[in-house]
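Q: Could you take me on a close look at the largest cavity in this one? I'm new here, so please explain the terms as you go.

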Amino acid sequence: MAPSAITETVASVLPVMKKTEAPEGKGQVVALEKTPLEAISHGIVMPGIPIFPSFVEERKHTLVHMAATFRFFHRCGFTEGMSGHISVRDPEHQGLIWMNPLGRHFGLITAGDMICLEIETGRIVGGNLTRPANSAGYLIHSAVHKRRPHDVHAVCHAHTNAGRAWSVFARPLEMLSQDICNFHNAHAVYARYGGIVFGDEEGQAIADSLGEHNKGAILMNHGLITVGETVDEAGFMFGLLDRGCQMQLQVEAAAAAGIKKNIISDEEASYNFKMASEKNALYREAQPDLEYEFEMAGGEEVVARGFEALSPLKL
């Protein structure tokens, strides 16, 4: 987390209790519900999404974490030539998104590589002007940002091995583990393949498959896509979705040999989703991987390189 961030850390407290009256008139003690971060923190409560004193500092934090997310994607093996892209809505100008340049390796990306585009028109309005943006990426991401302006501020898409392999079945993931419950009733399958996205129609169809609430989608014969309130959330969920596809493939292979599958019930999966999929909890889930990327790069300032040299936004 950048040192300029202003955060509010909830103090460590015992569960708050209050008295309520039971229908019979007898006193009853009830524990107030904790937030997901309060529930998982034993002692000091871990901070959630940081707050910044200026849009410039928030923009820098966002682009640095976006670059670190790409480096995490590289470490996971999500690179495939020039395919794959992440977009993040600008914190100050909600009609703009930042995207990675076409052809820059995920493992080398810094904050200074990012390009800023107008969501509605695709016009490049600032950022790094030395490389083009990905046209297919813009068509997909802009459609999703238009469809979900209030809850989606970041979109991740890449062509992973496990994601592509499971996508050929055009089936959703089963709730096979505690972690994958983050996608319980919150992921879709786009069961059509419309070719490389060079037109508005395919981008719109992908956005339609995500609908109004899904956190991710499996795109048949194509890859995976996830969304989030922060790039940290969208990136963590992308890795989780890919690992979920890999696990599903392994389980299907074992089940084909006659081994019984035990699937988490809807009730338990719903509870897991409620406690683990809140935006601050998902922001925090991403931090260990991003902190590792900062350390491996030689410091957060390396991943931030070039930010100050980005061309000013032309609105």
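A: Three helices, α2 (55–76), α6 (231–256) and α8 (279–297), each put at least two residues into the lining of the largest cavity. A helix here is a DSSP run of H or I with at least four residues, numbered from the N terminus. Before going further: this is a predicted model, where local features need pLDDT of at least 70 and side-chain atom pairs count only at 80 or more, while totals for chains, interfaces and linings use all residues. Residues are numbered from 1 along each chain as its sequence is written, and side-chain values use heavy atoms, with hydrogens and water left out.

So what counts as a cavity? On a 1 Å grid over the protein atoms alone, it's a set of points where a 1.4 Å probe fits but cannot get out, and lining residues have an atom within 4 Å of a point. Searching the whole structure turns up one cavity of 30 Å³ or more. The largest cavity holds about 50 Å³ of space, with volume meaning the space filled by probe spheres set on the points, which are joined across faces, edges and corners.

Now for its walls. α6 is the top contributor to this lining, giving four residues. Here's the full lining of the largest cavity: T69, F72, V231, D232, G235, F236, A286, D289 and L290. Sorted by class, that lining is five nonpolar, two polar and two charged residues. Ala, Val, Leu, Ile, Met, Phe, Trp, Tyr, Cys and Pro count as nonpolar, Asp, Glu, Lys and Arg as charged, and the others, Gly among them, as polar.

Key: On a 1 Å grid over the protein atoms alone, a cavity is a set of points where a 1.4 Å probe fits but cannot get out, and a pocket is an open set with protein on both sides within 12 Å along at least five of seven lines; lining residues have an atom within 4 Å of a point.
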